Amino acid sequence: GIRYFCLSRGLGDVYKRQVLDFDIATRMHLSVGTSLAIIIPTSIISTKTHMEYDAVDFKLIKSFGIFILLGVIGGTFLAVNLKTPAFILFFSIMAFVVGLFFIFFREQLLKNPKMISDSAKNISGVIIGFISVLLGIGGGSLMVPFMRTFGYDIRRSIGTAAGVGFLIAVFGTITMITGGKILDNISTPYSVGYVNLLGFLVFVHVTMIMARVGARAVYKIDKKILSKIFGTFLIVVSIRSFFEYLSIS
């Protein structure tokens with residue numbers, strides 16, 4: 001959410017000043033693609049930090065692999081064919097729904113983690129990969145509630161989601177570059193497909209630093225409070241996104 005808004009507003013301001021001549025029709029797509037590229041190094045740092053607390057379930061991450069890829073491919077195909085207003089509205093609705101989950105559901109839905117069936121992992125992997133590309137996120141907003149539904153501790157859910165985020169970011173960046181260059185044949189300045197190199201360089205340093213800070217903070221905040229903070233943040237992001245949608249629709 002933070003990456004999307006920073007990139008969207010940043011690229012939008014540059015566009016308005018006509019410095020790089022960003023097209024309003026592809027601004028959202030560039031924001032999403034660039035966001036996914038930024039997630040690659042930040043997810044590595046975040047995952048390594050969570051590993052220090054033994055909060056990453058690599059067995060679960062491995063089982064999602066191919067299905068995440070299938071979802072990413074499907075999400076990219078839809079993304080390159082969506083208009084900017086529809087793109088932003090979708091983001092707003094999803095962020096709002098997930099935010100409500102964290103605010104109003106109990107801290108633990110189950111007393112102990114429940115075994116996740118292969119069919120549930122396969123279907124969820126495709127859905128998480130599909131939606132994550134459309135939102136330009138690493139999958140934490142979807143992977144965390146998925147694991148929480150099966151009774152996983154929120155900290156282990158966040159740590160594992162960071163690892164899944166790396167898969168989504170790598171696959172998503174590749175497909176957004178390919179989709180922009182081959183399917184839409186765009187030629188935005190300083191961009192490769194739907195990944196803007198200037199946006200990447202501007203934001204990646206800050207996000208890499210904050211990824212480690214944020215990962216460590218997870219283990220110092222009460223789990224119930226952490227859930228509500230995360231949910232509230234997503235609600236604020238969704239409302240801000242909806243106003244963005246109204247302003248350009």
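**Helix crossings and a bent helix**

Tutor: In this predicted model, α3 passes α7 in a right-handed crossing.

Student: Why is the crossing of α3 and α7 called right-handed?

Tutor: The word is used if the near helix is turned clockwise from the far one by less than a right angle, anticlockwise being left-handed, and α3 passing α7 is assigned to the right-handed kind. The axes (lines fitted to C-alpha atoms over the stretch in contact, with angles from 0 to 180 degrees between N-to-C directions) of α3 (residues 58-79) and α7 (residues 154-183) come within 9 Å and cross at roughly 35 degrees. Contact, meaning heavy atoms within 4.5 Å, is made by residues including L60, I61 and G65 of α3 and T160, G163 and V164 of α7.

Student: What makes residues of the contact of α3 with α7 nonpolar, polar or charged?

Tutor: Ala, Val, Leu, Ile, Met, Phe, Trp, Tyr, Cys and Pro count as nonpolar, Asp, Glu, Lys and Arg as charged, and the others, Gly among them, as polar; by these classes the contact of α3 with α7 has twelve nonpolar, six polar and no charged residues.

Student: How is the crossing of α4 and α6 described, and which residues meet there?

Tutor: The crossing of α4 and α6 is left-handed, and the axes of α4 (residues 84-104) and α6 (residues 140-149) come within 10 Å and cross at roughly 35 degrees. M94, V98, F101 and F102 in α4 meet S141, L142, V144, P145, R148 and T149 in α6, a contact with seven nonpolar, two polar and one charged residues.

Student: Why does the length of α8 agree with that of a helix?

Tutor: The expected span is 1.5 Å times one less than the number of residues, so the 21 residues of α8 (residues 197-217) should span 30 Å, and its end C-alpha atoms are 30 Å apart, which agrees. Nevertheless, α8 bends by about 40 degrees at F203, the bend being the angle between axes fitted to the seven residues ending there and the seven starting there.

Student: Which residues of α8 are called buried?

Tutor: G199, V204, T207, A211 and A215 are the buried residues of α8, where buried means under 20% relative accessible area, exposed over 50% and partly exposed in between (1.4 Å probe, protein chains only). In the whole protein, buried residues make up 51% of the 249 residues.

Student: On what basis are these values given?

Tutor: Residues are numbered from 1 along each chain as its sequence is written, and side-chain values use heavy atoms, with hydrogens and water left out. Local features need pLDDT of at least 70 and side-chain atom pairs count only at pLDDT 80 or more, whereas totals for chains, interfaces and linings use all residues.

Conventions
Helices (H or I, at least four residues) and strands (E, at least two) are DSSP runs, numbered from the N terminus.
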